There are 2 protein chains.
Amino acid sequence: MLENTKELLEARRFPELAAQLKELNAADVAAMLSDAKPEDILRIYRLLPKELAAESFVEMNPDEQEYLISAFTNHELSELLDEMFVDDTVNVIEEMPAGLVKKILKNTDAQTRRVINEILCYPEDSAGSMMTIEYVDLKRDMRVSDAFAHIRQTGVDSETIYTCYVTDAQRKLLGLVTVKDLLLADEQTIVSDIMQTYIIKVSTHDDQEYVALQFEKYDFAVIPVVDAEDRLVGIVTFDDAMDVIRQEDTEDIEKMNAITPSGESYFNISPIQHAKNRIIWLLFLMLSATFTGMLITHYEEAFAAVPLLVSFIPMLMDTGGNCGAQSSTLVIRGLALNEIRFSDFFRLWGSEMIVAILCGVVLAAVNFVRVMIMYGDIKIGLVTGITLIGVAMTAKTLGCVMPMLAKKLKLDPALMASPIITTVTDCICILIYFTVATRAFQF
Amino acid sequence: MLENTKELLEARRFPELAAQLKELNAADVAAMLSDAKPEDILRIYRLLPKELAAESFVEMNPDEQEYLISAFTNHELSELLDEMFVDDTVNVIEEMPAGLVKKILKNTDAQTRRVINEILCYPEDSAGSMMTIEYVDLKRDMRVSDAFAHIRQTGVDSETIYTCYVTDAQRKLLGLVTVKDLLLADEQTIVSDIMQTYIIKVSTHDDQEYVALQFEKYDFAVIPVVDAEDRLVGIVTFDDAMDVIRQEDTEDIEKMNAITPSGESYFNISPIQHAKNRIIWLLFLMLSATFTGMLITHYEEAFAAVPLLVSFIPMLMDTGGNCGAQSSTLVIRGLALNEIRFSDFFRLWGSEMIVAILCGVVLAAVNFVRVMIMYGDIKIGLVTGITLIGVAMTAKTLGCVMPMLAKKLKLDPALMASPIITTVTDCICILIYFTVATRAFQF
């Protein structure tokens, strides 16, 4: 079907193209517009029915949105904004240059403009900034038949109709009913008799990660957002929660690998911006490694006497780094998913010590055999083996302590991952190695 | 409210507890059962209304589910299984020992048993293994009023009623209508006049990651699953897609840090199992690091002549590892989210080379200043600087090539992350370093 659409475009058969396009999903139309030649974009866009046009617009890249908004007449823009949900409009505004923001605000009605400004005031990444206001609200004394009439009337413009919220005159949230509840109830039933009153909700200032965790925990399709006075101000839908999950996971993965998260896909940022997102961490870690270097200088005599000692440095450092990365990864992930809490610290550390000793002993044994085969030197085999066990225990301790400590200090645990743990472990690794070696060889 | 529940339990005021429990959400009831004393679990469970009991059961840990299934009477178990959706039953069965699987299958009706066996036959992590069969299906010639009657009749037992599928006599998928479409249509309208016919669907053997990506792309609440003959066999709902996203992200993060993924939360596996999930990678990486060690032995003369050279090894190796980790992370993530394709290779590599040169030059400059301050040795400053630039370029090249190659070879790109890239980079780093040093100092 998509292929067919491309052929129609190439053949410039616009009426048939229009007929095809309206069958497509917004994400596919957006992808098609991305691939189209700049001069065709506006032309294709104008073939779309209003609702699909708005949905497709939301799915497009900021660059393409910017291009379209500049090209739109005021009438076209205000028609588009009418169709769009407020949360999407806010997302678009956040990416646009000031001139276009003005053009957008000029073409929205006063009421929407007020709401947009309110949402823009909530902290970035808060429930308030990701919510939308297009929900169905019912009154407690409505009958089921009234509720359906109200849904039919306001539902077209709502992001979801399937969960309806019951509010009082002060917009306080009293309960919720689903369309399923309504369909299974008698027409004459009063809404307050079938509504659920124990409602999981989030507040406007809750972090988006917390909101996403509520979706995962309760499997809801939508969660209501209330303000400090417990008044219903908006809803968050599951699709936005899904995006938050991916976004937060991607950010964590980037932080765990010494990258300042950009929130953009790879090809959406320039190489210069990529370099900027990476250089700070590289510099910091490079300069930190200086300590390890200075420590090595301190033991110059040792490796002057037994040069073979130097050749084990990479193996010991890498193993330490890997042991630490393993522990810190599991701790960081456990903290993010609420599976590990600060109060679990000693249980966690105990478990990691058992793992460290088990892994350390196996590594030491295999290494010993390897050293005996290659060099036949028992002393070196023992020195490196003892170091391996010590390094595994130190690295796994750091892997527990550092993310936990970050959490306690309200820093992001994801920063305490492989790169920084490796750098600290390296230093301690060299210290253990040459201390053990000095004793064994009695320099 | 949850606190209140706990107090009622402690005071053994069961009738009031029962009244409170039925207001709670399944996830909260499950959490409460987890915290309860073993002898109380069954007692509390029996206070729950049937539907909530089944929903709460689904949210519990396998250990607790196992305990309950053993404790249930046959009647209780068959009542529970009646309430549960087939996808949940299959998930439970997959975690139970053989004895309890028999008990479960014995207490399901023949029709459900057949479906369970079918779903169990689909590959793990496929759309077929995550789907459920409780959806609403309509016929094309039904009127809207018939459709509502059908939904009212079968909707109670459906996982979602809001998207209904229209099938023909051979169960071929013809179209879909949402309850919103139905509510906004006239009662006399024929379903086939308002149904959408261009439907995004997945097939039973599609991978769960692909299914999750469709949800993210199209923002659907539910996706139909068809078999090889294009017959509708089930549906996947957004909450399961959300779980898949977290699970796949967690698995990727673990693989990227030298851990064999377990699919379990930290405290659900024993330290011995934790050690097993980590030791293979540690051993493999430790032994790989042997090559770097052998290479160093080869340059013994060099660091015998200039011992200071040794002290830069950790800094150079760490920087190489970090540079490689950054690139491989972005490539692995881009591949997982379909933002980078194999055909982007040269564009990607070009971009990474610009980043490598920019970062390498800055690192080299800062390092040069540092060396001049600490040792006042221009030669060492230049040798380490040139090595840094070379290492950054090599590491970032490996960070692009290795995940891309893994993808091409149908391996998981996440395996080609920091640990393995670090090990390979170390080796090349030592080679560059001593080659440059040998030329500079003319050993």
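In the predicted model, A:I223 of β5(A) stands opposite A:V236 in β6(A). These two strands pair in the antiparallel sense, over 5 bridges. Strand β6 of chain A covers residues 232-237. A hairpin is formed by β5(A) and β6(A), with 5 residues between them. In its turn, A:D230 has a positive phi of about 65°.

Strand β5 of chain A, residues 222-226, also pairs with β4(A). Here the strands run parallel, joined by 2 bridges. Strand β4 consists of residues 202-203. Within this pairing, A:V202 stands opposite A:V225 of β5(A).

Burial in β5(A) was examined next. The strand is mostly covered, with 5 of its 5 residues buried. Cover extends to both faces. On one side lie A:V222, A:P224 and A:V226, all buried. On the other side, A:I223 and A:V225 are buried as well. A:I223, the residue opposite A:V236, and A:V225, the residue opposite A:V202, thus share one face of β5(A).

A further set of strands in chain A was also analysed. Strands β1, β2 and β3 form an open sheet of 3 strands, in the order β1-β2-β3. Pairing in this sheet is mixed. The edge strands are β1 (137-138) and β3 (173-178), each of which pairs on one side only. Strand β2 of chain A spans residues 163-167. It runs antiparallel to β3(A), to which 5 bridges join it. One bridge links A:T167 to its partner A:L173 in β3(A).

Methods:
Residues numbered from 1 in each chain as written. Chains lettered and ligands numbered in written order. Predicted model: local features only at pLDDT ≥ 70, side-chain atom pairs only at ≥ 80, totals over all residues. Buried ≥ 20, exposed ≤ 12 C-beta atoms within 10 Å, placed from the backbone. Helix = DSSP H or I, 4+ residues; strand = E, 2+ residues; numbered from the N terminus. Pairing = 2+ DSSP bridges.
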